[in-house]
Amino acid sequence: MTVVESGSSKRVTGTRMLRREDPALLTGEAKFIDDIVQTDALYMVLLRSPMAHARIISVDSSAAKRMPGVVAVFSGSDLRGEWLAPMPCAWPVTVDMKNPPHYPVAADVVNYVGDAVAVVLASDKIAAVDALAAIDVNYEPLPVVSNLEDALADKNLVHPALGTNTSYVWNLEPDKAKVDSAFASAEHVVRSRFVQQRLIPSAMETRGVLAVPHPYGGEYTLFSSTQIPHILKTMLSLTVGISEAKLRVIAPSVGGGFGSKLNVYSEEVLALTLARKLHKPIRWTEERSENSLATIHGRGQIQDVELAADADGKIMAVRVNLVADMGGYLQLLTPGVPLLGGFLYHGLYDVPAYSFTCTGVFTNKTPTDAYRGAGRPEATFAIERSMDALAKRVGVDPAEIRRRNFIAPEKFPYSSAPGLVFDSGNYLPNLEMALEKIGYKEIRAEQERRRAEGSRKHLGVGLSCYVEMCGLAPSKVLGSLSYSAGGWESATVRILPTCKVQVVTGTSPHGQGHETSWSMIVADRLGINTADIEVLHSDTAIAPYGLDTYGSRSLAVGGSAVYLATEKVLEKAKLIAAHALEVSPEDLDYQDGEFKVKGSAGKSYALSSAALEAFTAHDLPEGVEPNLEATVTWDPPNFTFPFGTHIAVVEVDEETGQTDLLRYLSIDDVGNQINPMIVDGQIEGGIAQGVAQALFEEAVYDESCNLLDSTFIEYLMPSAAEFPSFELGNTVTPSPTNPLGVKGVGEAGCIASPPAVINAVVDALAEFGIEHIDMPASPEKVWSAIELARLSGTRVD
Amino acid sequence: MFPASFDYVKATSVPDAVSILSSVEDSKLLAGGHSLLPLMKLRLASPSMLVDIGSLSELSYIEDKGDYVAVGALTRHHDVQNSRLLKSEVPILPYVASQVGDPSVRHRGTIGGSISHGDGASDLPAAVLALDAKFVAVGPKGERVIPASQFFVGFLETVLDLDEVLTEIRVPKFSGGWSYQKFNRRAQDWAIVGVAAVSNGSTKVSLVNMGSTPLRAVGTEAALADGASIEEASSKASDGIDPPSDLNASSAYRRHLAEVLVRRALVEALR
Ligand SMILES: Cc1cc2nc3c(=O)[nH]c(=O)nc-3n(C[C@H](O)[C@H](O)[C@H](O)COP(=O)(O)OP(=O)(O)OC[C@H]3O[C@@H](n4cnc5c(N)ncnc54)[C@H](O)[C@@H]3O)c2cc1C
């Protein structure tokens, strides 16, 4: 597999090089936001609404203000006039989208449990927390909107001034007549309704902010546990009204995000605003149960999915109607998230007609936004569950129905009905490899044996074939989707006088290992050691341009920019070498740190000489500037489309309803791999997160919209003990979209795994005539479904 | 999550702990802290003073006393789990201890803390209840011995006085069969329902998380005493019991689980 065009005879790309980030992380040396010492900072804590929907009649903070250590207490009305603009939403998906303004602290009405109503600043944390109890807020309760059906019915309104709970209706239906006629003439129509439960992203590190005003000059440094220091800087400038030229944003070590830190949050705006107002450093650290309420949630959708197919099970059309829960307000990307999946409800199948509608509605719950996979897990779940239903209807094995519908390899680049161009793919060999490796036939035989025996431990096997789109991406396309930013990425490669290399990237890693991977790319191209390469990032004063890390974009876009900048700097070094050797640049080859004249043995010039020459500038060729540095801002021509097959094998205990995940195998095709160990790590974590959605996790609300599981006692985030060892494998289909041939892997695992697991559970329960179990497939849910099947006599013996 | 402010003192001996408890209002013993500290952080408990008995090594022992094994109240779950004496004389107890939480919980949490906390959802209280263990408590008026069957009285409530220290757990040796069935979702979780069965002449069965205290499955025990089959006896697992409903399980599902798990426990214990 060729990964990087190499200037090295000792290739490191493609090897399982250990991560350079890990020693600091494993020894506790890494500095997370709470490790940053700022002795004169005031601690900020927020009083959060215990009511989901209420009018704030009064906020009395006089007692709290008198408590020891308390410096200031502000209500929402106290802070009116501090903001330049409301909290930003950067994705107005339709021209008439309704986006009611909201501010860091509510002044009139609270819209979810956890909405901030007052802020306390104190000289220490405990004093600040103690003062919360002394603030007296008088609420007038308002009727709540607690579920999507009620939201659509507009009986009660979250934002009465809008006259509706609907924020937007977004439609993608390139050829309605074609869809209608496919459904009219179809032999099989499969209709399903799926619920994507709300999920709490639960990054290992909660959020935190430290806003530091500089003593003179009106400058500020803001540290935040964020995925997006660059976007945050621009947005803070626009909302707080501090010039972008006077604001530096730093993301220190960040303990995971999964999309939940791809946002601009109230606390960031508030800390900066109060640092300006009091001219004091302000710090805030989120508590875990606060994180459950005040950090965005993921998913929260009802999906109505219809497939039209001919007698052989060949799909003629897909029609999807989605209702998506926005929560109480729109956050940075809230409305766009379900639409990221809106182009992919036909999966990796060749489907000629397509229709997708999404209605985004407000509810009195925590706002939703991007959570690992963002839209694509939902789409994959819908199509892969529907494929199993179609297989049953047609009377063929789930593997066979997929074979019949795959996009054929010769059709790439494939123009999909919804309007994307899939870069590359070869689906059938990937599926066959997965079936072979798991021993699909043997598992089916064992399943039959158990059924014949009347075993109460039912075996189930579930397939999930997926394609996703990542590497966000062409700025033009994002523009056509009304997204308020581009999709490019920037990189600078600088060869220092001693021939050590600085790489500056606009991506912002928070666990992914960019420092390792980026250094591997540069090491191979320059033929030098990774140890001689330093990777700088996540500080707007050091890496001024970038669009940060989300949507599995960093390697495909940012890594490619690094590669291209390395090429560019090498071109410049070549000019210097050619000048010194008195040959023309075309006559030079480059390998392992040396330029050599083609054919003539012995004549060579070291990269280190070029580095020093570029620095001293004593004898540079005509028109060549001093310094060896190149910057590339790369805007890819297309998204990338990783794909693969995941297979789950489960055992369901009929008596308790408990599902045991016995085996989990994945064959992923993420294009070329820079560091397969990092790829495996991303896949494994993703699978665990997806299985968590399938079997364990759900943000549960009562009818008054109280979150019932805000701690890890109730919110069942699984641990390694709940999983078997995953069996991982790959096929490699390079992407033609970028110079590295890479596709992206950050989200694949959690996109593929929920339907694999639920398909397996439903397969295990086939004897009972059970056709679906909503996620999470808890033991009680499974047991109840079995009981119901017994009562209604659907059991097929 | 920050607890309200409190004072802290390290007790030098059991009598010292008793005397602080009786003189300082709202003071509370701190053993492993793995039940008390979470409550304090959630501000569901706010004692004025913590009396730390965590380093009283004289309360950490496992000793052979002839027909019973004496376990010091401060013995960590990890030590119960790995005790050779208990493994041979009261094998159910080390097994149950191995099912508590995760390794870090088992290295900090103590058997005395778990029993004094009296949580109906905890594993060890139900096990000692099925074992008909006895507890030794020391207070200002001296020492008393309390049978497990009289110890647990309500939600996080036991017969211990506020100024009493539980010092020892006396578990009778037995040679018959036993079983512990713990049903939960994640390895480190409390049981959604748990069942302990000990067969030593008669068969005793206790239930975890079926009520506000650990409970004996009296319906099952009576049926077995009357010679009922395992199937029949397990169908009476929740007779007279009204199990709670929560996010993990409705009351009806708990009843069902109790029946399944009691049956499995009896099959294993009476094999
Ligand atoms: C993550 C986690 C998972 C857990 N999982 C489980 C589980 O699966 N099953 C399970 O059973 N438990 C579980 N626990 C609870 C754990 O077993 C506790 O350690 C135990 O319940 C209490 O013991 P402790 O020594 O920590 O008591 P502490 O928390 O120190 O004290 C608990 C209470 O008992 C009192 N007390 C303590 N010692 C004495 C004494 N000698 N005399 C009188 N009063 C005393 C204290 O004043 C306090 O009121 C878990 C705990 C955690 C944090």
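Colleague: What makes R790(A) and E787(A) a salt bridge?

Modeller: This is a predicted model. In it, the closest N and O atoms of R790(A) and E787(A) are 3.2 Å apart. The cut-off is 4 Å, so the pair counts. Both residues lie in helix α21 of chain A, three residues apart, about one turn of the helix.

Colleague: Why is R790(A) called partly exposed?

Modeller: R790(A) has a relative accessible area of 39%. Partly exposed runs between 20% and 50%, so the term applies. E787(A), with 29%, is also partly exposed.

Colleague: Why is E267(A) called buried?

Modeller: Its relative accessible area is 3%. Buried means under 20%, so E267(A) qualifies. R207(A) is buried too, with 3%.

Colleague: What makes E267(A) and R207(A) partners?

Modeller: They form a salt bridge, with the closest N and O atoms 2.9 Å apart. E267(A) sits in helix α8 and R207(A) in the loop between β8 and β9, so the pair ties together parts that are 60 residues apart in sequence.

Colleague: How do you know that H77(B) makes a polar contact with the ligand?

Modeller: A polar side-chain atom of H77(B) lies 3.0 Å from an oxygen atom of the ligand. The limit is 3.5 Å, so this is a polar contact. L29(B) offers a polar backbone atom 2.5 Å from a ligand oxygen. For L166(B), a polar backbone atom is 2.9 Å from a ligand nitrogen. The protein covers 92% of the 960 Å² of accessible area that the ligand has on its own.

Colleague: Which element gives the most to the shell around the ligand?

Modeller: α7(B), with four residues.

Conventions. Residues numbered from 1 in each chain as written. Chains lettered and ligands numbered in written order. Predicted model: local features only at pLDDT ≥ 70, side-chain atom pairs only at ≥ 80, totals over all residues. Heavy atoms only, no water. Polar contact = N/O pair within 3.5 Å; in protein donor to acceptor, adjacent residues only side chain to side chain. Areas by Shrake-Rupley, 256 points an atom, 1.4 Å probe, with all protein chains shown as cover. Helix = DSSP H or I, 4+ residues; strand = E, 2+ residues; numbered from the N terminus. Salt bridge = Lys/Arg side-chain N within 4 Å of Asp/Glu carboxyl O. Buried < 20%, exposed > 50% of the residue type's maximum accessible area, 1.4 Å probe, protein only.
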